[in-house]
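Dear colleague,

Please find below the structure that I am handing over to you, with its sequence. My notes on what was found in it follow.

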Amino acid sequence: MNNSLFVAPSFMSPPRPSTATTMTLDSTSGRRVPRNKDFLNKHGHRHHSFDQEKAPYPLSYDRQVLELESMDHSFVMHVKKSVSVVEFPDHSSPKRSLDLGCGGGTWILEAAKEWPDCQFVGFDLVDVQVPLPILESDIANRVMWVHGNFLTTKLPFEDDEFDHVHMHGLGRGIPENKWGVLFEEVNRVLRPGGVVEVLEHDILFPTLPTWFTAPLRARNKRSDSVHYPNGSHHHIDKLPSSTPDTAPLPHDHALLESLYYAVFENRFINLRPTAILPIHFTSTFRRVISAPIVHFRMPALPPLQALPQPLPPNALLMEASLSSDRSDTTSQPHAPLTPLTPRPFAVSFSSTHSSATSKSASSGESSLFSHLNGSTLSHPTTSPADCSPHSPALSCDTTNILSSETAHVMKKPLYIVDSSAAESTSMGVRPSHSLIPLDEIDKLSERSLAMQLYWSYQSVLACQESMYEELVDRTRNRTGELAEFGWNTDQDLSELESRTKFEILVDRYKRDMQARISLWCSLAELGWSVPPREAMSKAELVEEERLYQAMLEARRFASEEDLHTPCRSVRIFVGYKDVQ
């Protein structure tokens, strides 16, 4: 089985939430209310409309954000071979299960297939779940969606109602002082002997070192000299900067990182729920298994795609001739036309391209895929034949692309296990390491880490509107916190200009992360082939080759620390309610 990407065959991602007016159950009033009444549109992103103090969850409900839940579920299913980390006695299954913070309902729909005798209730703040009428009747009859806010009201369920509770990824919406109250509510609705399982991850902003991002923004610099017709030249001294020098930033996205962490800190949400949850968990449940924290490292550096062929010398003349011939078709209806194809948009490594050409080979956005099994990038230019599926110039063997000083790091495990926090609070309970099938994770390919990085950076993008609100607040009230990041704090800067600058920063972060992930390489391992890149003019090819060499040279600075920085940290908890 190819483990490059995780795809659960039986799983379908949640359909786009319907805009049709259907009804849903509100847990506060007990009445049926229209769908989509609790959403706001913020610059094209879908957010809940509740007050921040009552519902501090800062992520959007856009489709790509909801699909992160699907990705996580596919990963757990792949390594655990089950919807649950709990091993129920005698291979039995729960009879009534609550999914707290169910999101799109992915987990419930899969659990309903694995546990055919179980009734399910999905509880969430807003209605983004799959409409029950479109489900098979056998599943729809066993599922109920309920909506409410467990931070402000008690769970609308009876005592001892459920024998299983599932909680996944709630840490980004729960203030630190609310965890204890929430677990007490979970304990109340659990029957004696019931079990709750929690999968939580830390709030991380994945970063890229400057040596990686600098070549992506390389430009040809103009000379500081004036050259005269007689061959002489005069050097122009640069004027001193009127702004004071600022300390160099640790990386290109330092401002976004600061805004991202501030979003949660201002909501009193702890950035490391994996560290604080044991305190609250063990104060409520006496039988607890706390698994070790698993830190997934950054994926290996992806290879660079080979450069294209240059355009034929008369390519532009041929295009001009084609236009001329077309204009003469009315006067010469029988004149044969050369079937030339207009030149498409250029695909470039350069960051100077427009939005129409943003899917560059270096950014990994392109839909150019390849089946790769070569050795190394041996030459910057290749012929169309060299772009075949077996081209040595297109290689996913990243250990041969890196220098000998850093290539060895690729052979190390995909993760780091922090066992210091793992514990079991009662005798007879399974060892904490049994919750995480590390042996199955060890079987995954190096490229599987790209999925973990994708999850983390998409979580950042999901908070961009909350990050912008934090930026606006700093611009108005705390300009000193922006100056250190090089942000123009001029009060005359219009809101539109500030928004435009912010979106440029976000888009740059997105493209840099896409370049780091290089999805095309993962798809290549699945057997997709990359068509030859389009030809370029001589000037374009010179610039492309310069950037290509700059990126190859930059990889010499890759350190072991850069390649082993965690891009995601995950922890699992299981608690049992005492039998009275």
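Val196 is a residue of strand E9, which covers residues 190–201. Please bear in mind throughout that the model is predicted. The relative accessible area of Val196 is 0%, under the 20% cut-off, so Val196 counts as buried. Setting aside neighbours within four places in sequence, Val196 is in contact with Val165, Met167, Val186, Leu190, Phe281, Phe285, Phe573, Val574 and Gly575. A further long-range pairing is that of Val196 with Lys577: 381 residues separate them in sequence, while their C-alpha atoms are 8.3 Å apart in space.

I turn next to the nonpolar cores. The largest one has 47 residues, and those with the most contacts inside it are Tyr260, Phe264, Met467, Phe502 and Tyr509. At least two residues of this core are supplied by each of the helices H5 (210–213), H6, H10, H11, H13 (495–517) and H15 (538–554). H6 gives the largest share, eight residues. A second core, separate from this one, has 41 residues, among them Phe75, Ile289, Leu435 and Leu449. As general background, nonpolar side chains in soluble globular proteins tend to be buried together.

Within the largest core, Tyr509 is one of the residues with the most contacts. Beyond its neighbours within four places in sequence, Tyr509 is in contact with Phe205, Pro206, His253, Leu256, Tyr457, Val460 and Leu461.

Three of the residues just named, Tyr457, Val460 and Leu461, are among the buried residues of helix H10. This helix spans residues 449–461, 13 residues in number, and reaches 19 Å from its first C-alpha to its last, close to the 18 Å expected at 1.5 Å a residue. H10 is mostly covered, with 12 of its 13 residues buried; Leu449, Met451, Trp455 and Gln458 are among them.

The last item is a pair of packed helices. How are H6 and H11 arranged with respect to each other? Helix H6 (residues 254–265) packs against helix H11 (residues 464–477) at an angle of about 100 degrees, and their axes are 9 Å apart. Because of that angle, H6 is roughly perpendicular to H11. On the H6 side, the contact is made by Leu255, Leu256, Ser258, Leu259, Tyr260, Ala262 and Val263; on the H11 side, by Ser466, Met467, Glu470, Leu471 and Arg474. The residues of this contact comprise eight nonpolar, two polar and two charged. Tyr260 and Met467 also appear among the residues with the most contacts inside the largest core.

With kind regards

How values were computed:
Residues are numbered from 1 along each chain as its sequence is written. This is a predicted model: local features need pLDDT of at least 70, side-chain atom pairs count only at pLDDT 80 or more; totals for chains, interfaces and linings use all residues. Side-chain values use heavy atoms; hydrogens and water are left out. Axes are lines fitted to C-alpha atoms, for helices over the stretch in contact, and angles run from 0 to 180 degrees between N-to-C directions. Helices (H or I, at least four residues) and strands (E, at least two) are DSSP runs, numbered from the N terminus. Angles under 35 degrees count as roughly parallel, over 145 as roughly antiparallel, 65 to 115 as roughly perpendicular and the rest as oblique. Contact means heavy atoms within 4.5 Å. Ala, Val, Leu, Ile, Met, Phe, Trp, Tyr, Cys and Pro count as nonpolar, Asp, Glu, Lys and Arg as charged, and the others, Gly among them, as polar. The expected span of a helix is 1.5 Å times one less than its number of residues. Buried means under 20% relative accessible area, exposed over 50%, partly exposed in between (1.4 Å probe, protein chains only). A nonpolar core is a set of buried Ala, Val, Leu, Ile, Met, Phe, Trp, Tyr and Cys residues joined through side-chain atoms within 4.5 Å.
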